[in-house]
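Dear colleague,

I am passing the structure below on to you. My notes on it follow underneath.

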Amino acid sequence: MPELRTRLFAPARDPLWGAIAALLVSLLVSFLAIAVSGRDAVSGFADLVSGAFGGIGPLGETAIKSAVLILTGLSVAVAFTVGLFNIGAEGQLIWGGLAAAVVGQIDVPGAMVWSLAAAALAGALWGLLPGWLKVRRGVHEVISTILLNWIAIHLVQGWLVPGPLGAPGSGATVSVAGTEPIVAAARLPRLFFGSRLDLGFPLALLAAAAVWWLLTRTWRGFEWRAVGTGRDAARASGVPADRRICEGMALSGALAGLGGALLILGTEHKYPGVFRTGYGFDGIAVALVGGGTALGTTAAAIVFGALRAGATRLQLVGIHPSFAELTQGLAVLLVAAPRLFLPLLARLRGRPAAAASDPPIPTVQP
Amino acid sequence: MNALELHGIVKRFGPVTALDGVSLAMAPGEVLALVGENGAGKSTLVSVACGLYRADAGTVSAFGRQLPPADPRAAIDAGIGVVYQHFMLVGPLTVWENAVLGREPRRLGFIDRRRSRREAADVAARLGLAIDVDARVETLSVAAQQRVEILKQLWRGARALILDEPTALLSPQESAELMRTVRALAAEGRAVLFISHKLREVLAVADRIAVIRRGNILRAAAPRSRTDTAALADLMMGGAPAVVARSSPSRMLPQPGIVLRARELTCSSDRGLPALRGVSFDVRSGEVVGVAGVDGNGQTELAEAIAGLRSAGGLLSLDGDTSFHRSPAAARRAGMAHLPEDRRRLALCGSLSVEENLALGHHSSPPYARGFLIDRPGRRAMAQRLIAEFDVRTPDPSARAADLSGGNQQKLVAARELSGGPPPRLIVAVHPTRGLDPRASRRVHEALFAAQRGGAAILVVSLDLDELRELCHRILVLFDGRIAGEAAPDASDEQLGRMMLGQVPAVA
């Protein structure tokens, strides 16, 4: 598993154009897929572009979706920095959303800030859990985060939101209406007229800048990277590796939790009865295509955000909006597959892939 | 007809020319030694010979047939077999299973176990390899595992055998045993390419000696009688002072203060077996104490216990602090520096840069950091200083540490631990010069002496008795988790060897 993970996230060795080429090819393939299915691919693509970039409204949609993807993508990227593959951004996002929805109902000065803080805290705790299980009990984070996603989904959406935290009076036993709405002061302010663009996008960019700064400019971030690339070596050099892993997972969860808060405070204004976003899972794709760096993740998130925003327009010409997922999936495949398969292909041909850098001799220590 | 012949081999890695038109031939029945400093191109040459690398020019032939480039299978079929430093064995399988792995004799689609076992046993018996073919490999000593590797190659029909630094992990007795095996292989008509840093053993075993320097073979036919270690070293280094000539270092007498104190130290191995069974000793300020022993007698665990990497019973104190070993971080704060045995796992973050690895451990204090920020110019300047001082061969401080050769990785770790931070109080150095050429070894030894003059207590674990003799004031011999004896640096191989095998009660 660490081997696979290291190959999947190989930012330093993969030039930027690799990711760009993968995106372009996946767009081309999607285009052909639409054309083959007998639809009007050209006007479909025109709709896609105008849905994502055609004016202030569509740009706002793109920014809203990108903002959440930036945060969940950063969440996955930060966890990877400390060497963990966080599949649990979805669960962390759900708790963050719920915390924002609950705290946002309290009418106090600075309600928005309190809500954001509560969301970050809730996500951090849900992210800390798999980190703690990893260092204390050796539980593999992929397993624990996947399971914790389901626990979060069922606790929040199967019990808390329809039950104890649900808006009263909307149903006898079960509420489908979600929680009470948040107070106006807790909402993310809109930035322009004619667009739903809110404070979330600048906040996400700020988070990305902060993560970049933390990881590349502070020695604490250096310790995280050291733990992620060589846990034993870092520990032997005096870095408290277990604590750093927990910190990294807490920040990872906090970022995903903030992503949830943006959805609640920005567009939903309450925790809705039906809330299946998939943003947490898409964060994995974003971080993969972005090569695990803050900058790459932000760029990938904006591209995928635009796809999501544009895809809603495609329904007008009868193209299913899951088209965006097709493109996204293809992009991940094209980015990830070479990292996985090129070394394999090279080995089959009896030629070591990166002869100069990697000794191709497999070693089994006695 | 030559068993193995390389002709005009050129191999470049990007801008770096690793091999620059190397030609080399060995006849059946011949032991050819290949010596050269770190990064001279020895490993690259092996990789070309066995078909792992494609040469940019030149040909490889075995027994008169030219081999297709970059085709390991063809090389194996042609009779070329390589025993690497890092063994490629499957621990839970038996010796004979490992020997036939990948080319199992079959019968009716199933592995013909009886025939496999018999054939492996036959090969072992014919060469007098002391080995139980039914033993599980993970229960064997390092020397025995190496014999399994040799057995595997022979069973596959290797007639040109390449041994890559085969004695690096062996005790003197085991090395002598290996030399006998090598001569027996040659007597059978096989060709052996013997790669080593240890000039003394090269002179003992080889028919001819080839010296490789900066990708060129300088001399492939040194007659043994007229060569001595100093001349060889000269040739390897290319005009550098003859570093092998033993010049007594400026060895100071230890000072009175005890820095490291160990009393009735016990701990377990990774497999939960007792590794140390009550070890007591002191290391004084300015004293260098050696730990000798056949690999696996508790040296690794002793070093790890002191470094805070392994929990131990009994008492350990560093300058009176009895809890310094509760964690590596605490040990570092107390002034410990550690050159671990497994440097790739315990000392390096391979995908971080050389510069970052040089800072690791000292990274949160000046000149590497200012407050909570990384001091990038300071860190870069420090890295450049350490790279120059220890002659770490890297294209750039921002190159990945994993891309350095093994010897240069060791130099990197030594540079960081010995010169990268505040002067250490205690140095635990495990195989500090393993894989280093004489010049680089010299550099590491000098750094150890400098620390010693500064009052550090130094514990050196090594399998190289010459190194221990040169460095240490006294040598402790570990056998089966206990101190089997203590020797002065002038003790003979024979005396030390007997203690290492637990044959002599403690002297003095």
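How many residues lie between β13(B) and β14(B) in their hairpin, and which residue in the turn has a positive phi? Five residues lie between the two strands, and the residue with the positive phi is Gly272(B), at about 85°. Please bear in mind throughout that this is a predicted model.

The sheet in chain B

The hairpin strands pair in the antiparallel sense: β13 (residues 258–268) of chain B and β14(B) are joined over eight bridges. Ser268(B) has Pro274(B) of β14(B) as its bridge partner, and Cys267(B) stands opposite Leu276(B), also in β14(B). The hairpin belongs to an open sheet of three strands of chain B, ordered β14-β13-β16, with antiparallel pairing. Its edge strands are β14 (274–284) and β16 (313–318) of chain B, each of which pairs on one side only. From one strand to the next the twist averages 15°. Helix α9 (residues 299–306) of chain B lies across β13, β14 and β16 of that chain, and runs at about 60° to β14(B).

The domains of chain B

The domain assignment splits chain B into domain 1 (4–237) and domain 2 (258–352 + 423–500). The C-alpha centres of these two domains of chain B are 31 Å apart. Where they meet, 14 residues of domain 1 of chain B are in contact with 15 residues of domain 2 of chain B. On the domain 1 side of that contact, the elements that give two or more residues are α6 (172–187) and α8 (229–237) of chain B. Of these, α8(B) gives the most, with three residues. By type, the domain 1 side comprises eight nonpolar residues, five polar and one charged.

Chain A

Chain A has 14 helices and zero strands. Of its 366 residues, 53% are buried. Among contacts in chain A between residues at least 6 apart in sequence, 76% join residues at least 24 apart.

I looked at one of the helices in detail, α7 (residues 141–160) of chain A. Its buried residues are Glu141(A), Ser144(A), Thr145(A), Leu148(A), Asn149(A), Ala152(A) and Val156(A). Viewed down the axis of α7(A), these buried residues fall within an arc of 145°, so they line one face of the helix. The general background is that an α-helix has 3.6 residues a turn, so residues three or four places apart point the same way. What do the buried residues of α7(A) pack against? They pack against α5 (89–103) and α6 (111–137) of chain A. On the other side of α7(A), the exposed residues are Ile143(A), Trp150(A), His154(A) and Gly158(A).

The contact between the chains

The contact takes 31 residues from chain A and 45 residues from chain B. On the side of chain B that touches chain A, at least two residues each come from α5 (142–155), α10 (328–333), α11 (343–346) and β19 (373–374) of chain B. The largest share of that side, three residues, is supplied by α10(B). The residues of chain B on this side divide into 27 nonpolar, 10 polar and eight charged.

Regards

How values were computed: Residues numbered from 1 in each chain as written. Chains lettered and ligands numbered in written order. Predicted model: local features only at pLDDT ≥ 70, side-chain atom pairs only at ≥ 80, totals over all residues. Buried ≥ 20, exposed ≤ 12 C-beta atoms within 10 Å, placed from the backbone. Helix = DSSP H or I, 4+ residues; strand = E, 2+ residues; numbered from the N terminus. Arc of directions from axis to C-beta. Contact = placed C-beta atoms within 7 Å. Pairing = 2+ DSSP bridges. Axes fitted to C-alpha atoms, helices over the stretch in contact; angles between N-to-C directions. Domains from an automatic or database assignment. Nonpolar A, V, L, I, M, F, W, Y, C, P; charged D, E, K, R; others polar.
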